[in-house]
Amino acid sequence: MPKNFTSTATNKFHGGIHPPENKLISSSRAISKFDSDKYFRIQINQSSFQNIEQAVEIIVIKGQKVIQGEALTTFQPLDRLNVPVHSPCDGVVSDIELFDCAHNSSFPEMTIVIKAEINVDQNRSVTKIENQWKAKSQSSLINKIRKAGIVGLGGATFPTHIKQSSPLKTDISTPSTLIINAMECEPYITCDDRLLRGYANQIIQGALIVSKIVGCERIVFAIEDNKPEALFAVQESINLLAENKIDLSIIVAPTKYPSGGEKQLIQIVTGHELAKQQLPKDLNILVQNVATLFAVYQAIVLNSNLIGRLVTITGNLVDAPGNYWIPFGTSFSHIISQFNVPEKDLKFIIIGGPLMGQKISNFDISTSKKVNCLIFNKRVTNVEIKECIRCGECEAVCPIKLLPQQLYWFSKSEQWKPMEQLDLKACIECGACDYVCPSHIPLVDYFRFAKSEIKHLSSKEKTSELAKQRFDNRESRLTRIKLERKARQKKNALDRKQASENKSVDPDGKKTAILEALNRVKNKQNNTNKINTGITGEE
Amino acid sequence: MEIELFVAIPPWLVEVTQAIAVITIFSGLCGALLGYAAVYFKVEGDPIVEQINAILPQTQCGQCGHPGCKPYAQAIANGEAINRCPPGGEAGIKSLANLLELDVIPLNEECGEESLPRVAFIIEEECIGCTKCIQACPVDAIVGTAKQMHTVIVSECTGCDLCVPPCPVDCIEMPFVETNLINWRQQKPIEQSIVLN
């Protein structure tokens, strides 16, 4: 292995911002113990990619005993997308009901409530099957990752098994690469940083497992330069790897938001910009977040399912900000009471970072796989939205070179065609334009609105096309039936005519009747003659 | 003597004749080309009717007074008002006005009111199996047979209401389509307001 496998990134992406980081609030405290609640509310669908046709199937019933890590839902064999969820504790299923979830629509989703009987044990002793994974087939490893309920834990929660199920090609000039995403570019969030400091070896193991699954030639570990301790931990653990066939290197990138976005990261690492509609696998690249790799390690090596994650608890209302292992399904109100957050000052919690995160004011909602950070901040500043002054700042910071200002005008006047032409679809909703806007216009909200309307219109178009087809089919069927009936009537009329013509020759059928009667008589006579002759013969 | 004979045809006449000849041949060629194009690039059907029909919502409800969307599209092409389609609503009138370069006019109230999407629902316990609704459905979205219970294929139903009047036992309801996580739509941001940052 070369000595200096760490290098500084030379490529960069367009735009980006440098918001105040606020990472020290939570990163200075080591991972600490969290007293979990007695009740857990598990959302049955926790991946971003909901399969509409194939609903998630619940395999537990009310009152059933479950053990920690037991699967609560399953997927149908034909269904490629859904991932199961698991019980975070030993306990009893106390309810299965619709409950609010952290979705923008605030529509309720099906949840499973579990009452814990024994406290959750994060470090439960596990049967280690170290290094046995090397002998396993790729498909069995992918299957295991899916059954462990692993989704992208960087916050996007895209099912990991789908990402990994298309192996990277090796015949193209660009080497197949696994990029480990440790950028963590959003302010406040430090869970990846802390995870790396504590579990760098395990994450590298996870990366080796994934690199075996997709068959890649090199692993690039990408990290921002504001996490020197994490970088050091990774360097140490790479040094510890005695012999390794895979080319493992580290790229340190300057801190800039949103360098942790998949497309931006690929641009930083390789210098290639992903074109429209292009996926990382088209460039022979797979990007995985460190928390996801850690979950892969846990699933494959420790044989444990995903039941919790490291969550950053931060903000100026928290008494002990830091990173904690929090099981999925823990309610926000429990976290509020654990960290002595004064509820009268708390208007809302931010899930995720302040830029891409989501404001939640219903504290009965529980954590899920997408919750990597919870910000409890006291906010007093009110901001007034003003008119757009056409300064163009938003265009300067957009990491994918869109024209946010133009898009804003079109969204405001609800003109969807030009928005599609301006490539609205490519917007990653990073919120950089929101951040720099001097008029405080919620640009991303406008883009989300436009995206949702465009989706609605296209689905409407589809249904109307279907209705048109069915209407046309029905019309043609009705005309066909009509024509057939007409033809039949014509034929019947013709038959009747023929019959009446026959009748005119023999008006009331007497002649035929007489003929038939004569024939019958003749037959009878013949028969009797035969019998008579028979009898005489015997005599 | 010979010179005399040539002078008899004046040069301007030659030029004029040449010009006429060239133009005649050229226009003849053009005519032939156009005739060829008219035969080989003939457009089947009336494209404007197709375009109008593509905008209409295909509910086939007949509220416009025509038996279906296509006949109404034909009627619009022949000059009928564009504001007779309640399911298409304001957005439909707008895009029709845009296509035909007409003024946007409000929906004709005689035809009905724009409402949220609905879908037919048969109360199955009450259905007597008369098949009358099946015959009325313009998109074949009701399944069932004589003296057997009928039901609606929800994904195919356009919510046109046509099955409701023929039902002799009034067992068809028209509930609104329920909003859920899948068909949910994002709200438009409120302009000019104070927000908590």
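This is a short walk through some local features of a predicted model with chains A and B.

Okay, let's start with salt bridges. Across all chains, the count comes to 24. I'll pick out a few of them.

One of them joins Arg41(A) and Glu97(A), whose side chains meet at 2.8 Å, N to O. What does that pair tie together? Arg41(A) is in strand β2, residues 39–43, and Glu97(A) is in strand β6, residues 91–100, so the bridge links parts of chain A that are 56 residues apart in sequence. The two partners also sit in different classes of cover. Arg41(A) has 17% relative accessibility, so it counts as buried, and Glu97(A) comes out at 26%, which means partly exposed.

Next, have a look at helix α13 of chain A, which runs over residues 443–505. Arg448(A) and Asp445(A) both lie in that helix, three residues apart, so about one turn. Their side chains form a salt bridge at 3.8 Å, N to O. Asp445(A) is partly exposed, at 33% relative accessibility. And that pair has company: Glu429(A), Asp445(A), Arg448(A) and Lys451(A) are linked in a network of salt bridges.

There's also a bridge between sequence neighbours, if you click on Lys344(A) and Asp345(A): those side chains meet at 4.0 Å, N to O. Lys344(A) is out on show, exposed at 74% relative accessibility.

Still in chain A, let's move on to the loops. Between β10, residues 247–253, and α6, residues 262–270, you'll find Pro258(A). The peptide bond leading into Pro258(A) from Tyr257(A) is cis, with omega near -5°.

Then there's Asn303(A), in the loop between α7 (290–300) and β12 (308–314). Its phi is near 60°, which is a positive value in a residue other than glycine. Asn303(A) is partly exposed, at 41% relative accessibility.

One more loop in this chain: Lys370(A) sits between β15 (358–360) and β16 (373–375). How far apart are Lys370(A) and Arg309(A) in space? They're 9.6 Å from C-alpha to C-alpha, with their positions 61 residues apart in sequence. Lys370(A) has a relative accessible area of 26%, so partly exposed again.

Right, over to chain B. Helix α2 covers residues 11–40, so that's 30 residues, and it reaches 44 Å from first C-alpha to last, close to the 44 Å expected at 1.5 Å a residue. How many of its residues are buried? Zero, so α2(B) is hardly covered.

Around there you'll also see a nonpolar surface patch of about 580 Å², made by Ile9(B), Trp12(B), Leu13(B), Val14(B), Val16(B) and Ile20(B). Take Ile20(B), which lies in helix α2. Ile20(B) has 52% relative accessibility, and the cut-off is over 50%, so it counts as exposed.

Last stop is the loop of chain B between β1 (121–122) and α6 (132–136), which holds Glu126(B). Glu126(B) is part of a negative surface patch, gathered with Glu124(B), Glu125(B), Asp170(B) and Glu173(B). At 41% relative accessibility, Glu126(B) counts as partly exposed. The loop between β1 and α6 also contains Thr131(B). Thr131(B) has a phi near 65°, positive in a residue other than glycine. Is Thr131(B) buried or exposed? Buried, with a relative accessible area of 17%.

That's the tour, thanks.

Note on methods
Residues are numbered from 1 along each chain as its sequence is written. Chains are lettered from A and ligands numbered from 1 in the order in which they are written. This is a predicted model: local features need pLDDT of at least 70, side-chain atom pairs count only at pLDDT 80 or more; totals for chains, interfaces and linings use all residues. Side-chain values use heavy atoms; hydrogens and water are left out. Patches are made of residues with over 30% relative accessible area and no salt bridge: like charges are joined within 9 Å, nonpolar side chains (Val, Leu, Ile, Met, Phe, Trp, Tyr) within 5 Å. Accessible areas come from the Shrake-Rupley method with a 1.4 Å probe; for residues, only the protein chains shown count as cover. Lys and Arg count as positive and Asp and Glu as negative; His and the chain ends are not counted. The place of a charge is taken as NZ of Lys, CZ of Arg, CG of Asp or CD of Glu. Helices (H or I, at least four residues) and strands (E, at least two) are DSSP runs, numbered from the N terminus. Buried means under 20% relative accessible area, exposed over 50%, partly exposed in between (1.4 Å probe, protein chains only). The expected span of a helix is 1.5 Å times one less than its number of residues.
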